[in-house]
Structure formats: structure tokens, C-alpha cells
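Please work through the exercises below with the sequence and the model at hand. Each task is followed by a solution in steps.

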Amino acid sequence: MGSHESKRNLIIVSNRLPLSIKRVDGTYQSSISSGGLVTALSGLTKSTEFRWFGWPGIEVKDSKDREEVCKSLNEHDATPIFLDSGLAHEHYNMFSNRILWPILHYQSGVVYEDGPWQAYRRVNELFADAVADAAEPGSLIWVHDYHLMLLPELLRNRLQAKNKRCAIGFFLHTPFPAGDFWRTLPVKKHLIEGLLSSDLIGFHTDEYKQNFIDTCASNLGAHTEIPNQIQYKDRLICAGRYIVGIDPQKFADTLQKQEVQDRIKTLEERYKGMKVIVGVDRLDYIKGLTQKLKGFDSFLDDHPELRNKVVLIQVAVPSREDVKEYQELETELSTLAGKINGKHATPEGTPLLYMHRSVPFTELTALYSVADACLLSSTRDGMNLVSFEYVACQDKKNGVLVLSEFAGSATFMRDGSIPFHPANTTEMSEALYAALNLGAEERQQKHEFLREFVNTHTR
Ligand code: ADP
Ligand code: G6P
């Protein structure tokens, strides 16, 4: 789909746009959004033209300001759907991220409230209004992620009323949990019914896909006898597994830049004679950051001979900072990081560099490139594109991926990585030790396996 025509016809809808807007000193500024959804879809822009609809990440009241924001986003083929801050808070923080996100990631003890659910419905309706107006007959509408699970149904109704026939696809970027877990959500039926107005529903792994199909059968009585098909009321819906990947060329090109090469040299000099482990995660409890720091502490206890010879550089990108659980996690992590360094520091330095901030893409690429190992400890994770990105930057070093068995990517990358259970600190410590001591030949074999996978699953 490289033609100009495809631009008219493909509409992408997600809560998060590729650029998020912030107000700084009275002006609106945009910055690249972080997260796997934006990374995965941004990779598409090279070959496919589309319009992207979503929430700009901030309330913009004044109509002149709205024009300014629209103009700057339009330059990137993005169209904002404006929401007032109260509604956005209830939809994004309260329902999507405090109720749905934890259930999708197997967290128990989630408290359901009706107010946020009403806001969730309302925001899905507002999205449906905007997209139904913009769509043309024949448009392909591709909806993304858990913030918009009601959208396919609301959209289909509006398109029918306007006599526009459009295909609707949906992709879920998170896991879909086993039926018994999903059952705990009081509005479970509405959400999956909302999705079943899609023509095609995509998932990262076969497990998530099958969990969804089984849930449609048990919750709605849908017919699911034919593999990958769901017959519900008068509709036939296809469910598929699609491996979302990255654009490896973007990393190869960035690594060539003089600025990045200089930065790599500086870092190599700084950590000469040491083993560098890198971790890059949004600051989210699903990433198992508490477990990672505890596992690293255990590793340092187990290997006093590695004192001053190993460093973990952990980037924790700020995320969802208005949600209580994320604030509490940040406090817990900074305390834990302080304790670990207090326990293991020497006058020569500290073994843990915990950075609670976003880093520029060039710095991220340099960090991936100098690291002897990448440690990812998700307790649940839809896919985890950081694991792909590390591999894309390791052609020279053949560094080792130490990957939690609960990351979606572990389904495909297990043989090329060193897997471990994130809650088992002994296992994590052993996995790290094995990674840092792997022979050159074995590192090369593992890297080649992963490289092949990353290069052949580029979108
Ligand atoms: P999740 O979607 O849960 O955040 P992923 O590992 O799939 O997890 O994706 C995270 C993405 O965010 C990666 O592509 C990573 O490069 C990107 N990222 C990390 N830090 C930044 C940053 N500072 N700015 C923009 N993107 C970032
Ligand atoms: C995950 C979700 C995305 C989300 C991203 C970043 O990847 O699946 O939908 O955009 O995290 O989170 P945020 O809340 O900042 O959009």
C-alpha cells in the first residue's frame, strides 16, 4: 500500500497519537510518544500512508489553541480528538489504566466503579462520531488497543446510518487473559461485544487469541467451532495472530550517526573492563521493575567477585503519573535503588544507575549498543518491543537477551535468549550470570537466531 490512494483509505485510531502535546510556558509543544503501540505503528509510515486519529494527551479549550494544535499534528497526518480534562481523566486514568489494564495483565484486586465506565463509553462515542464523519465509503479503519474496545460497534452503527460501508479491524497490544480472569470484570460482555463488530481482530500471540475466542464462546455463547472464526449473531469475525515488530533499519541508520558513534566511544571508555547490563521500560508494574532490582541485588550478593565490574543501567520512562499505583511504584523503586546502591557501592562507584526519565532516541540506541546484556523482567507484557530493539543494536557485540518468560516476545525469542521467571530472584541471578559468561560462539548463535526473527518480522 504505497500509493497516494491508500492515504485516503486507511484510518488508524488509537488513544495515544504518535506525538503528545504539552503546554510549556504558554505555548503548545509536541514530543514523540513512548510505548510499543506508537513504535509499531510509526514503523508503518515508511510504506503506508494513513491518517491517525487520537487524543492529543492534554485538554485544549480555546478554539484558536485547538487550531494551532490541529495544524502541528496535521503535519504528521494526525488528527486530534479533543476531550475535556475530567472526561479524559475518567476514561484514561480511571477506567482504561486502573481497571482494564490490570485485568488484561492478570492483576487481582481491581475495584470496579460505574463513573469511569460511563466515561469510557462516552469517550468511545466521541471517537466514533469523529471517525464516522471522516471515513469515506470503502475506508479501512484500524482501531488499536484497550482504550477503545467499544469503538468497533459504535462505529459500525454510525457508518451504517451514514450509508458508508467500511472494513473495521482491531488490534489488541496487550495480553488477553484466560477466561476466568476476564470474568471478574462486571462489564466484560459489553467490551467483547463491542469488539465483535470488527471484521478482523488481531493479537500478539496464539495464547491471547485463543483466550479471547474461548471467552466469546463462554460469555456470549458465540460459535467458535471453526478455528480462528467467531460466529456471533449475524456476523462472522476472524481472529488472528500477527507478530508486531520494529523497523530495524531505523536503528542501523541511527548507529551510523557520528553523534551516536561518539557517545558509544565515551560510554565504552567509561565502562572499560566492566560488564554493562541495560534495562529500558516504562515505569509500570507489569514490567516487573521491583523484581528486577531485587534480582540484581541478589546477583550482587551471589557474586562479590564482580564488585566494581558490573553495572545495571535502568531507564524507567515516566508513565501514567496521575494513577496512584504508578506513583506508589515510583516511590518504591527509588527507595529500592537507594538501598541497593547503599549496600553495594564502593568508593569506585555504584552498581545501579536508575534513571527515572525519558532519554533521547540517540542515547537509547547508544545504550543498547554498549550493553553486554539486556535484562527484561515483565510479569506480563503484550509483546515487549524493547527486546527487539536491543537485538537490532547488537550486531557487533552479540550481547545476550535475558528475558522474562512472561513477555509476549518470549513466545518467539526463547531459543535466542536466556529465559527466567521474574519472581524467582535466584533464577534471575543465575540467568544474568550465565548471560555475562556465555562463550563467543554461543552468543553469536543466539544473536543470529534473534536477528533473523527481528529482521523478518518488521511490522
Ligand atoms: P510498552 O509498549 O509497554 O511501553 P514496549 O517495550 O513494547 O513496551 O515498547 C516501548 C517502546 O517505547 C520502545 O519502542 C522504546 O524504544 C520506546 N521508548 C522508550 N523510551 C522512549 C523515549 N524516551 N521516547 C520515546 N520512546 C521511547
Ligand atoms: C502500551 C499500550 C499502549 C500505550 C503505551 C504507552 O504499549 O498498549 O496503548 O500507548 O503502553 O502508554 P500510555 O498510557 O502513555 O499511552
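The exercises concern a predicted model and treat two ligand sites and one helix.

**Exercise 1. Determine which residues surround ligand 2, and describe the contacts and cover of this ligand.**

Step 1. List the surroundings. The residues around ligand 2 are Arg-16, Ser-34, Gly-36, Leu-37, Tyr-92, Trp-101, Asp-145, His-147, His-173, Arg-282 and Arg-320.

Step 2. Sort them by class. Three residues of this shell are nonpolar, four are polar and four are charged.

Step 3. Examine polar atom pairs, for which the cut-off is 3.5 Å. A polar side-chain atom of Asp-145 is found 2.5 Å from an oxygen atom of ligand 2. For Arg-16, a polar side-chain atom lies 2.9 Å from an oxygen atom of the ligand. For Arg-282, the distance from a polar side-chain atom to an oxygen atom of ligand 2 is 3.5 Å.

Step 4. Assess the cover. Ligand 2 taken alone exposes 370 Å², and the protein buries 92% of that area.

Step 5. Assign the shell to elements. Those that give two or more residues to it are α2 (36-42) and α4 (85-104).

**Exercise 2. Carry out the corresponding analysis for ligand 1.**

Step 1. Identify the nearest residues. Ligand 1 has 15 residues around it, of which Gly-36, Thr-39, Arg-282, Ser-358 and Glu-389 come nearest.

Step 2. Sort the shell by class. It divides into five nonpolar, seven polar and three charged residues.

Step 3. Examine the contacts, separating backbone from side chain. Gly-35 places a backbone N or O atom 3.1 Å from an oxygen atom of ligand 1. From the side chains, a polar atom of Thr-39 lies 2.6 Å from an oxygen atom of the ligand, and an N or O atom of Lys-287 is 2.8 Å from an oxygen atom of ligand 1.

Step 4. Assess the cover. Taken alone, ligand 1 exposes 570 Å², of which the protein buries 86%.

Step 5. Assign the shell to elements. Here α2 and α15 (386-392) give two or more residues.

**Exercise 3. Establish how many residues of helix α14 are buried, and what covers them.**

Step 1. Apply the cut-off: a residue is buried if its relative accessible area is under 20%.

Step 2. Count. Helix α14 spans residues 361-370, and nine of its 10 residues are buried, so that under this cut-off the helix is mostly covered.

Step 3. Name the buried residues. They are Thr-362, Glu-363, Leu-364, Thr-365, Ala-366, Leu-367, Tyr-368, Ser-369 and Val-370.

Step 4. Find the cover. It includes the helices α10 (248-256), α11 (258-270) and α15, together with the strands β11 (275-282) and β12 (310-317).

Notes: Residues numbered from 1 in each chain as written. Chains lettered and ligands numbered in written order. Predicted model: local features only at pLDDT ≥ 70, side-chain atom pairs only at ≥ 80, totals over all residues. Heavy atoms only, no water. Near = heavy atom within 4 Å. Polar contact = N/O pair within 3.5 Å; in protein donor to acceptor, adjacent residues only side chain to side chain. Areas by Shrake-Rupley, 256 points an atom, 1.4 Å probe, with all protein chains shown as cover. Helix = DSSP H or I, 4+ residues; strand = E, 2+ residues; numbered from the N terminus. Nonpolar A, V, L, I, M, F, W, Y, C, P; charged D, E, K, R; others polar. Buried < 20%, exposed > 50% of the residue type's maximum accessible area, 1.4 Å probe, protein only. Contact = heavy atoms within 4.5 Å.
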